[in-house]
Amino acid sequence: MYKKHLATKIKKISFSFLSIFNLFTIGSLKADEILRIGAIPDQNPEHLNRLYKILSSELSEQLNVQVRYKPVTNYAAAVTSFRTGNLDLVWFGALTGVQARLQSKGSKVIAQRDIDEKFHSVFIANKKSSIQKINNINDLKTLKNKRFTFGSESSTSGRLMPQYFLNKAGVQLKDFKAGRPGFSGSHDATLMLVQSGSYEAGVLSEEVWKRNLERGRMDPSKVFLIWKTPSYHNYHWLAQGNLDKKFKKGFTKELTNVFLRFNEKSKKQKQILELFSAKKFIISKNENYNKIEKVARKIGKVK
Amino acid sequence: MKLIKPVSTLLTLIPSIAYIPILIEIIKGFHIGGLNIIFLFISSAIKPSFNQELVKSAWEGLQITISTALTSWVISMLIGIILGVLSTDLFWKSIPKFSYLGKFIKYSLAIPRSIHEVVWGLLFIQILGLNIWVAIISIVIPYSALTARVISEQLDSFDIQPLIAIKQTGSNIMSSFITILLPKLIPIISTYGSYRFECAIRGVTLLGIFGLGGIGTELYLTLKSFEFNEMWTCLWMLWLVIILLEKFIRFLRSYFSEDISLKNSFLISISIFALSLSLGISWLYNLNFELFAPLRFSYLDLPSFVEIRNGFNTLPLLKLIITTIIITVFASGIAIGTPPLLLVLFPGKFPLKLQNLIWIFFRLIPPPLTTILILFFTNPTISVAALSLGITHMGVMGRLLTDSILNQEKSIYRAIKNNGSSKQSATLYGILAPQSNSYLAYGAYRSDVILKETAIIGAVGGVGLGWQLQESLSSFDWAQVMIITATFSLLTISGEFLFSTSQNYWLKNSTNNFSS
C-alpha cells in the first residue's frame with residue numbers, strides 16, 4: 001500500500017519535472033523561429049500597434065516565418081534590446097540606429113523610406129518672440145539667449161542634427177536662456193510648447209511639422225517656421241547580422257527585397273506605406289550613416 | 001486653561017513659505033499662450049475617451065502595473081523582513097560573536113535604498129533588455145532595503161529584557177527569539193506592508209513612464225501625443241482601481257485588528273504572501289510575459305580610469321548637486337506645507353472628506369506629467385520641476401493627514417470651539433496640534449523620498465542630476481552614468497542621515513505615531 005503510494009508520488013514528481021523541462025525547451029525552440037521586430041517609440045502607440053500588426057502579418061506571409069512585434073517605449077531600451085538580441089529587426093532613427101549598430105557587431109542597415117534619404121528638421125518660433133525668419137545658417141545666432149527646446153535627447157531630427165547646425169553657426173547649448181536648452185521629449189510636445197510661448201523657439205522633424213499642419217493642430221497665428229536645415233539621412237531598418245544563420249541562407253537579402261517590393265497595388269502593402277507615410281522603400285547601407293556617426297561623436301552621443 | 005503648545009503646529013505651516021519664491025517665478029513667466037491646452041486638459045476630464053481599443057489597452061496596462069506591483073511587493077516584503085531581522089542588534093545578541101555582521105548588513109543596505117527605483121530600472125534595462133523582470137527587480141532592490149530598515153528600527157526600539165530573561169533560563173535561543181519577536185513583527189508588517197503595496201503601484205506606474213510598460217506607459221504616450229481624452233481614461237481607471245484596492249486592504253486589515261491568536265495571524269500573513277505571490281506571477285504569465293524564459297545578460301564594459309576622470313572633468317557636478325538640492329527643498333516645502341494650510345483655510349467635516357479624496361488623485365499623477373502641464377502656462381525654470389514634484393508628494397502627505405484626522409478624537413476640537421473660538425483657530429489648535437509632531441516626522445521622511453525622486457524630474461527643464469543621468473544613459477556613456485549614480489547615492493545617504501535625525505526629533509515629541 002505504502003509502496004504504491006510512493007510510486008505514484010515519484011511518477012507525479014517526474015511528470016511535473018518533465019513538463020517543466022518541456023516548457024523550457026518549447027520556449028527556446030519557438031524563440032528561434034520567430035522574427036522579432038520593433039520600432040523606436042516616436043509615434044503614438046495606437047498608430048504603431050496598428051502599423052506593426054499589418055506589417056507583421058505581411059512579412060510573415062512573404063517570408064514564411066513567424067513574426068512578432070514587440071512594442072518598445074524608450075529610445076535607449078530599443079538600442080539595448082537590439083544589443084541583447086531581443087529584437088531582430090528594428091525601425092531606428094539615424095542616431096539610435098548608429099548607436100545600436102556600433103553595439104551589435106555585424107548588424108546591417110537594409111532599407112529606408114524614400115523620404116529618409118533627404119530628411120530635414122525645421123526650426124520654429126513663437127510669433128510673440130522677437131525672432132525673425134532667417135535665410136542663412138549663421139543667422140541661427142539670433143537664437144542666443146532665447147528660451148529654446150529640443151525634442152527627445154536621442155532624437156536625430158529633434159536634437160542631434162539641429163545641435164550640429166547650431167554649433168556650426170557658433171551657438172553652444174549654454175548660450176540659450178538660463179544656460180541650457182529644454183528637452184520636451186517629443187516632436188509634438190516641442191510644437192505645443194513653442195506654440196504656447198513657454199519656449200520662444202524650438203526644433204522638430206519636418207515630417208511631424210507637416211503632419212500637424214495638415215491636421216490643423218498647428219496655429220499659424222502663434223507659431224511659424226524660421227529655418228529648414230540641409231538634408232541628412234534619417235530613419236532606417238536595421239537587421240541583426242545573424243539572421244542568415246538563424247533562419248536560412250540569404251534570409252537578409254530576401255527580407256530586404258520584401259521591403260523594396262512594397263507597392264500600392266496590394267491592399268495590405270498600400271496600407272503599410274500609408275501608415276509609414278512613404279511612397280516606397282528604398283535600399284540603404286551602413287555607409288549612409290557615416291556622417292551621422294561623426295556628428296554624434298562630436299556631440300558626445302556616441303563614444 | 002493651558003492650551004497645547006502651538007510651536008510645532010505653526011511649524012507644519014511654515015514649509016508652505018516655499019510657495020512664495022515659486023509662485024513669484026511662475027507668475028513672472030506666466031503666459032496665456034497655453035491656456036487653451038490647459039483648458040482642453042481640464043475639460044477632457046469630464047469626457048474621457050471610451051474608444052474600445054483604448055479602454056482595452058488601458059485595462060491591460062492596469063493589469064500589468066498591478067500584477068507587477070503585487071509580485072515585486074511580496075518579494076520585497078519577504079526579503080525585507082529577513083534582512084530587517086538580520087540587521088537588528090536584537091538578533092545578534094543571541095550570537096554575539098558575529099554581531100559585526102548585523103552592523104555590516106544594516107549599513108550596506110543604505111546603498112540599495114539610496115537609489116530610486118526608476119534609476120535602478122534604467123540601469124537594469126541596459127543589462128537585461130526589455131523584460132518584465134527589470135521592473136520587478138528595480139522595485140525589489142530599494143523596497144527590500146527600505147522595509148528592512150523600518151523593521152529593524154521598530155524591533156530595536158522594543159524592550160529586550162524578556163529576551164535576556166528567557167536566554168538565562170537556558171532555552172533555545174532561536175525559538176525564544178521567535179516567540180518574542182513574532183508578536184511584535186506582525187503588526188508592523190500589517191500596517192507597513194499595506195503602505196508599501198501602494199508605493200509599489202506608484203513605483204511601477206513611474207517605471208512605466210520611463211518605458212517599462214503598464215499604465216504608466218499608456219499615460220505617458222497619450223500625453224506625448226496630446227490625446228487628453230485618452231489620458232483621462234487611463235487616469236480615471238487608475239484612480240478607481242486604487243480606491244477599490246484601498247477599501248479591500250482596509251477590509252483585510254480589520255480582520256487583523258480583531259483579537260486573533262498569534263498563531264492565526266502568523267498563518268494569515270503567510271497565506272496572504274503566498275496567495276499574492278502566486279496570484280501576481282500567474283497573472284503576469286497570463287498577460288503573456290515570458291516570466292520563465294532564461295534571462296539574457298548583456299554585460300557592459302566597465303569604464304576605464306581615464307574615462308572616469310574625463311567624466312569628472314566634463315560633468316558640472318557641483319551645479320547639478322546644487323540644483324538637485326534646491327528642487328528638493330522647495331518641493332518638500334510644498335508637499336509638507338500645503339495640506340495643513342488647506343485644512344486651516346477650509347475647516348469642517350465635508351471639506352476634510354473632500355480633501356481626503358482629492359489627495360488620492362494628486363498622489364497618482366506622476367510628476368513628469370505634471371511638469372509638462374505646468375509648462376504650458378509658464379516659462380521653464382527650476383520652480384516648475386519643484387512644483388510638479390511637490391504636487392505628487394503633497395498628495396501623499398495630505399492623504400496621511402486627513403486620514404489620521406478622520407480617525408482622531410474630536411474632544412479637543414469641540415472643547416476649543418465651545419469656548420467661542422472661530423472654526424479656523426479651533427482647527428489649528430484642536431485638530432492640527434495633536435497631529436503636528438508625527439506629521440512633521442513623516443514630512444522629514446517624505447523629504448528623503450523627494451530627494452531620491454529628483455532623479456526622475458528635470459527632463460523638460462533640462463535641470464538637475466536626473467536630467468544629466470538621462471542624457472548620459474542615452475549616450476551610453478557608462479563612466480558618466482557611474483559618476484552620477486554614485487553622486488546621487490552619496491547625496492541621498494547624507495540626506496537620509498539628516499532627515500532621520502530630524503524625524504527622530506519629531507517622533508520623540510509625538511503623541512500619536514502614524515508614520516510607522
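Chain B: its contact with chain A, a helix pair and Ala426

Modeller: In this model, 39 residues of chain B are in contact with 41 residues of chain A, two residues being in contact if their C-beta atoms, placed from the backbone, lie within 7 Å. The model is predicted, so local features need pLDDT of at least 70 and side-chain atom pairs 80 or more, whereas totals for chains, interfaces and linings use all residues. Residues are numbered from 1 along each chain as its sequence is written, with chains lettered from A and ligands numbered from 1 in the order written.

Colleague: Which helix gives the most to the side of chain B that touches chain A?

Modeller: That is H22(B), with four residues; helices (H or I, at least four residues) are DSSP runs, numbered from the N terminus.

Colleague: What makes H16(B) oblique to H19(B)?

Modeller: The axes of H16 (residues 317–345) and H19 (residues 382–406) of chain B, which come within 7 Å, cross at roughly 40 degrees. Angles under 35 degrees count as roughly parallel, over 145 as roughly antiparallel, 65 to 115 as roughly perpendicular and the rest as oblique, and therefore H16(B) is oblique to H19(B). Among the residues making the contact are Phe330(B) of H16(B) and Met394(B) of H19(B).

Colleague: How do you know whether Ala426(B), in helix H21 (residues 423–453) of chain B, is buried or exposed?

Modeller: Ala426(B) has 21 other C-beta atoms within 10 Å, and a residue is buried at 20 or more, exposed at 12 or fewer and partly exposed in between, so Ala426(B) is buried. Leaving aside neighbours within four places in sequence, Ala426(B) is in contact with Tyr413(B), Ile416(B), Lys417(B) and Ser421(B).

Methods:
Axes are lines fitted to C-alpha atoms, for helices over the stretch in contact, and angles run from 0 to 180 degrees between N-to-C directions. Helices (H or I, at least four residues) and strands (E, at least two) are DSSP runs, numbered from the N terminus.
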